[in-house]
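Here are some short exercises to work through with the model open beside you. Try each task on your own before you read its solution.

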Amino acid sequence: GPRSVLRHSSERTRRRSTRTMSDETKPEEVPAAEVGEKRKAEDAEAGDAAPDAKKEKKEWTPVKLGPKSFAAPEEMIKYFSWILNNMTVNQDMNDYEFMVVDACLRRAHPEADKKIGCGVKTFQIRNHPEHDTRCYMVLRSDGSCEDFSYRKCVEVLFPGFTPAVKSGGGGRGGRGGGRGRGAARGGRGGGRGGG
């Protein structure tokens, strides 16, 4: 008699304990597994991309700009960003820097003719009036000036190179501004109509 009661109660507790355990573990296991798989997929993609990037670095054709040669796009970015960040703002570049930057603009900028205009007097680093960042500025012989992106030149001189920071960002911002102005005009129109 008593033995069978014990047996029943022990079975009951056993069932109860497995039920609570499975209830607790199941909800936690599922998302963890999903996250794990996603992570693995991302790692795999990153892994695939890395060897290609490494291979590309070795195959660049060196580019000579004025007196200076660049064996790889990273070298060119390093040099131009060093000037950008370290040179005194609103100061004419020296002859060496001028020759390198002038060759860069003339040979590689997609809008070189527009940027050069009537002719280049000098180059300076200036604070961009809109973006609040330093930029390369071409000063023309007639006193006018315009900024230009050296990163666009890097992409032309080293075809197939995609920089981490895309120079197209400014363009996207500009288009966004256009949409904003359009909406404002629409708003004014609605106001007049209501009156």
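Helices and strands here are DSSP runs, helices of at least four residues and strands of at least two, numbered from the N terminus. With that in hand, P110 can be placed in the loop between α3 and α4. Please keep in mind that this is a predicted model.

**Exercise 1. Get your bearings**

Task: Find how many helices and strands the protein chain has, and in what order the elements run.

Solution:
- Step 1. Count the elements: the protein chain has 6 helices and 5 strands.
- Step 2. Walk along from the N terminus, and the order reads α-β-β-α-α-α-β-β-β-α-α.
- Step 3. Look at burial: of the 195 residues in the protein chain, 25% are buried.
- Step 4. Turn to the surface: the accessible area is about 13500 Å², and carbon and sulfur atoms hold 53% of it.
- Step 5. Check how far along the sequence contacts reach. Taking contacts with a separation of 6 or more, 50% join residues 24 or more positions apart.

**Exercise 2. Explore the nonpolar core**

Task: Work out which residues have the most contacts inside the largest nonpolar core, and which elements give two or more residues to this core.

Solution:
- Step 1. Recall a general tendency: in soluble globular proteins, nonpolar side chains tend to be buried together.
- Step 2. Find the core: the largest one has 33 residues, and L65, M76, F80, Y136 and F158 have the most contacts inside it.
- Step 3. List the contributors. Two or more residues come from each of β1 (63-65), α2 (73-86), α3 (95-108), α4 (112-116), β3 (120-127), β4 (134-140) and α5 (150-157).
- Step 4. Zoom in on F80. Apart from residues up to four places away in sequence, F80 touches L65, F70, V100, V101, C104, Y136 and Y150.

**Exercise 3. See how α3 meets α5**

Task: Describe the crossing of α3 and α5, and name the residues that make the contact.

Solution:
- Step 1. Start with the geometry: the two axes come within 9 Å of each other and cross at roughly 60°.
- Step 2. Add the handedness: the crossing of α3 and α5 is left-handed.
- Step 3. Name the partners. On the α3 side they are C104, R107 and A108, and on the α5 side K152, C153, V156 and L157.
- Step 4. Sort them by class: 5 are nonpolar, 2 are charged and none is polar.

**Exercise 4. Compare two loop residues**

Task: Decide whether H109 is buried or exposed, then do likewise for P110: buried or exposed?

Solution:
- Step 1. Place H109: it sits in the loop between α3 and α4.
- Step 2. Apply the cut-off. Buried means under 20% relative accessible area, and H109 has 6%, so it is buried.
- Step 3. Look around H109. Beyond its neighbours within four places in sequence, H109 is in contact with C104, K115, F148, S149, K152 and C153.
- Step 4. Move on to P110. The cut-off for exposed is over 50%; P110 has a relative accessible area of 57%, so it is exposed.
- Step 5. Relate P110 to K152: they are 42 residues apart along the chain, and their C-alpha atoms are separated by 7.4 Å.

**Exercise 5. Look into the loop between β3 and β4**

Task: Find what is notable about phi of D132, and which residues T133 touches.

Solution:
- Step 1. Begin with the background: most residues other than glycine have a negative phi.
- Step 2. Check D132, where phi is positive, near 55°, although the residue is not glycine.
- Step 3. Place D132 in the loop between β3 and β4. Its relative accessible area is 68%, so D132 is exposed.
- Step 4. Turn to T133, which is in the loop between β3 and β4. At 42% relative accessibility, T133 is partly exposed.
- Step 5. List the contacts: leaving out residues up to four places away in sequence, T133 touches R126, N127 and H128.
- Step 6. Reach across to L84. T133 and L84 are 49 residues apart in sequence, with 9.9 Å from C-alpha to C-alpha.

How values were computed. Residues numbered from 1 in each chain as written. Predicted model: local features only at pLDDT ≥ 70, side-chain atom pairs only at ≥ 80, totals over all residues. Heavy atoms only, no water. Core = buried A, V, L, I, M, F, W, Y, C linked by side-chain atoms within 4.5 Å. Buried < 20%, exposed > 50% of the residue type's maximum accessible area, 1.4 Å probe, protein only. Contact = heavy atoms within 4.5 Å. Areas by Shrake-Rupley, 256 points an atom, 1.4 Å probe, with all protein chains shown as cover. Axes fitted to C-alpha atoms, helices over the stretch in contact; angles between N-to-C directions. Left-handed = near helix turned anticlockwise from the far one by under 90°. Nonpolar A, V, L, I, M, F, W, Y, C, P; charged D, E, K, R; others polar.
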